[in-house]
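Hello,

Here is the structure I promised to hand over. Have a look at it first, and then read on for what turned up in it.

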Amino acid sequence: MFTKNDIPNTPAHNTPPPLIEVSGTHREMGRQIGEAAREQVQHSVANARVLIDAAYDNLELTWQGAQIQSRKYLPFAEERYPQYVDEMRGIAEGANVAFDDIVTLNAMEAVTMDALHLTRCTSMAVNDNRTADGHVLAAHNEDWIPEDENDVFVISARPDKEPPFLAMTYGGLLPNVGFNAFGIAQLIDSVYPSDSRIGIPRLVVARAVLSSHRISGAIGRTLVQHRAAGYNHLLVHESGEMYSIEVSARKFEILYAHDGYMVHTNHYLDPQMKLVEKDPEELLSSRVRYFRASRLLKQNSQHSIKSLQSIQKDHVNIPNSICNHNIEGLDPLDREKTISALVIDLTAREMHITWGNPCQNAYHTYHLNA
């Protein structure tokens with residue numbers, strides 16, 4: 001049984017995650033990201049190589065093999081979303097890494113066939129009926145391997161032909177968790193469908209959502225044809241409308257927050273989507289986090305930024321808790337942790353974000369200056 005004393009005392013980040021401001025064409029924005037975060041991008045590529053090597057017994061996949069597999073997904077992305085492929089090219093150029101490496105990072109879930117199950121994120125939101133000040137709030141814990149924690153940064157972007165946005169990402173991944181100037185926020189949680197196929201990588205689909213002008217457009221972008229698989233996209237609008245779009249390669253269901261609360265973790269909730277869930281018995285900790293976050297969220301009808309931050313720090317079922325911790329001695333491939341936690345105030349157009357576990361690190365505030 002784990003106790004509070006079992007929580008690793010990892011070094012705190014005394015500074016906020018780096019803020020990278022970019023603008024221009026997608027190629028130019030990617031190049032600016034790559035140049036400003038060159039060390040983080042190169043580090044994340046090196047980490048991904050180590051991860052693939054460590055999982056060889058499970059995957060029988062080398063880094064070169066992963067690059068070959070990722071190239072199969074590229075034509076689908078280029079046909080539907082060439083602008084985001086341009087962003088990846090720009091990141092590679094700016095960071096002085098191979099384009100194939102950036103494509104492989106952004107198609108990693110697909111080329112490993114979700115075999116690693118390393119992502120254990122928790123997302124939640126409350127609308128204006130459930131907050132003390134009438135603001136609309138969304139919160140997300142990003143869980144991933146601890147080696148990538150140092151690669152976290154925030155992007156403030158002003159694309160030439162798309163809405164400005166503010167998003168968290170790390171390493172060479174396209175930005176996806178964040179919100180835009182049209183009052184649309186996106187939180188994503190990995191889910192594990194059995195109908196995955198070669199198509200548009202999930203991260204490219206999620207990147208496209210940040211360009212939406214309307215909530216219906218955001219929903220539509222999650223369901224683009226020829227998608228390789230799917231996430232759960234928790235979409236929140238400044239009006240207080242909140243949806244979870246549960247997506248696989250061929251199916252989807254839309255869940256609506258009728259009571260002003262919404263929670264999602266890493267398993268499907270809709271009965272029809274459960275029919276295409278791969279290895280549901282491996283997702284028990286996701287169910288525990290879902291029920292725990294739901295209970296904590298619904299205990300309060302007057303939420304604030306601080307009350308959501310308190311839920312993000314919860315340690316029930318540690319190490320696989322909402323605030324997820326890497327406990328030494330576990331399987332090398334089962335050592336994810338919360339590398340960042342954020343609360344978005346859509347009404348105020350600001351993001352409050354930690355660099356590392358929220359129980360050990362301070363929140364820092366960034367504003368979208370649209």
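In β12, isoleucine 344 is the bridge partner of alanine 138. This is a predicted model, so please read everything below in that light. The strands behind that bridge are β3 (residues 137–144) and β12 (residues 337–345), which pair in the antiparallel sense over eight bridges.

Where do these strands belong? They are part of an open sheet of six strands, in the order β11-β2-β3-β12-β13-β14, with antiparallel pairing. At the edges stand β11 (261–264) and β14 (364–367), and each has a single partner strand, so one side of each is left without a neighbour in the sheet. On average, and with direction ignored, neighbouring strands of this sheet are turned by 15 degrees against each other. Helix α13 (residues 305–312) packs on the sheet, where it touches β2 (122–126), β3, β12 and β13 (350–355). The direction of α13 makes about 165 degrees with that of β12.

Next, please find strand β5. Six of the six residues of β5 (residues 165–170) are buried, so the strand is largely enclosed by the rest of the structure. Which residues cover its two faces? Phe165, Ala167 and Thr169 lie on one side, Leu166, Met168 and Tyr170 on the other, and all are buried.

β5 also has pairing partners to look at. With strand β4 (residues 152–159) it pairs in the antiparallel sense over six bridges, and alanine 157 stands opposite phenylalanine 165. The hairpin that joins β4 to β5 runs through five residues. With strand β6 (residues 177–180), β5 pairs in the antiparallel sense over four bridges; here alanine 167 stands opposite glycine 178. The hairpin of β5 and β6 has six residues between the strands, and in it glycine 171 takes a positive phi near 60 degrees.

Now to the nonpolar interior. The largest nonpolar core has 81 residues, and those with the most contacts inside it are Ile102, Phe179, Val204, Val236, Leu342 and Ile344. Isoleucine 344 is thus a name you have met already, as the bridge partner of alanine 138. Helix α6 (residues 82–95) gives the largest share of this core, six residues. Valine 204 is a good place to zoom in: leaving out residues up to four places away in sequence, it touches Ala77, Tyr81, Tyr84, Met88 and Leu174. Another core lies apart from the largest one and has 15 residues, among them Met124, Tyr261, Leu296 and Leu308.

Helix α6 comes up again when you look at how helices pack. The axes of α1 and α6 come within 6 Å and cross at roughly 35 degrees, and α1 passes α6 in a right-handed crossing. On the α1 side the contact includes His26, Arg27, Met29 and Arg31, while on the α6 side Tyr84, Asp86, Arg89 and Glu93 are among the residues taking part.

Some of those residues carry charge, which brings me to the salt bridges. Side chains of opposite charge can pair when their charged atoms come close. The count here comes to 13 salt bridges. In one of them, the side chains of arginine 31 and glutamate 93 meet at 2.8 Å, N to O. This pair links distant parts of the chain, 62 residues apart: arginine 31 is in helix α1 (residues 26–36) and glutamate 93 in helix α6. Buried or partly exposed? Arginine 31 counts as partly exposed at 29% relative accessibility, and glutamate 93 counts as partly exposed at 36%.

Another salt bridge joins arginine 89 and glutamate 78, at 2.7 Å, N to O. Arginine 89 is in helix α6 and glutamate 78 in helix α5 (residues 74–80), 11 residues apart. Lysine 298 and aspartate 259 also meet in a salt bridge, at 3.4 Å, N to O. There, lysine 298 sits in helix α12 (residues 284–298) and aspartate 259 in the loop between β10 (252–256) and β11, 39 residues apart. Finally, salt bridges that share partners join Arg27, Arg31, Asp86 and Glu93 into one network.

Happy exploring, and best wishes!

Technical notes
Residues numbered from 1 in each chain as written. Predicted model: local features only at pLDDT ≥ 70, side-chain atom pairs only at ≥ 80, totals over all residues. Heavy atoms only, no water. Buried < 20%, exposed > 50% of the residue type's maximum accessible area, 1.4 Å probe, protein only. Helix = DSSP H or I, 4+ residues; strand = E, 2+ residues; numbered from the N terminus. Pairing = 2+ DSSP bridges. Axes fitted to C-alpha atoms, helices over the stretch in contact; angles between N-to-C directions. Contact = heavy atoms within 4.5 Å. Core = buried A, V, L, I, M, F, W, Y, C linked by side-chain atoms within 4.5 Å. Salt bridge = Lys/Arg side-chain N within 4 Å of Asp/Glu carboxyl O. Left-handed = near helix turned anticlockwise from the far one by under 90°.
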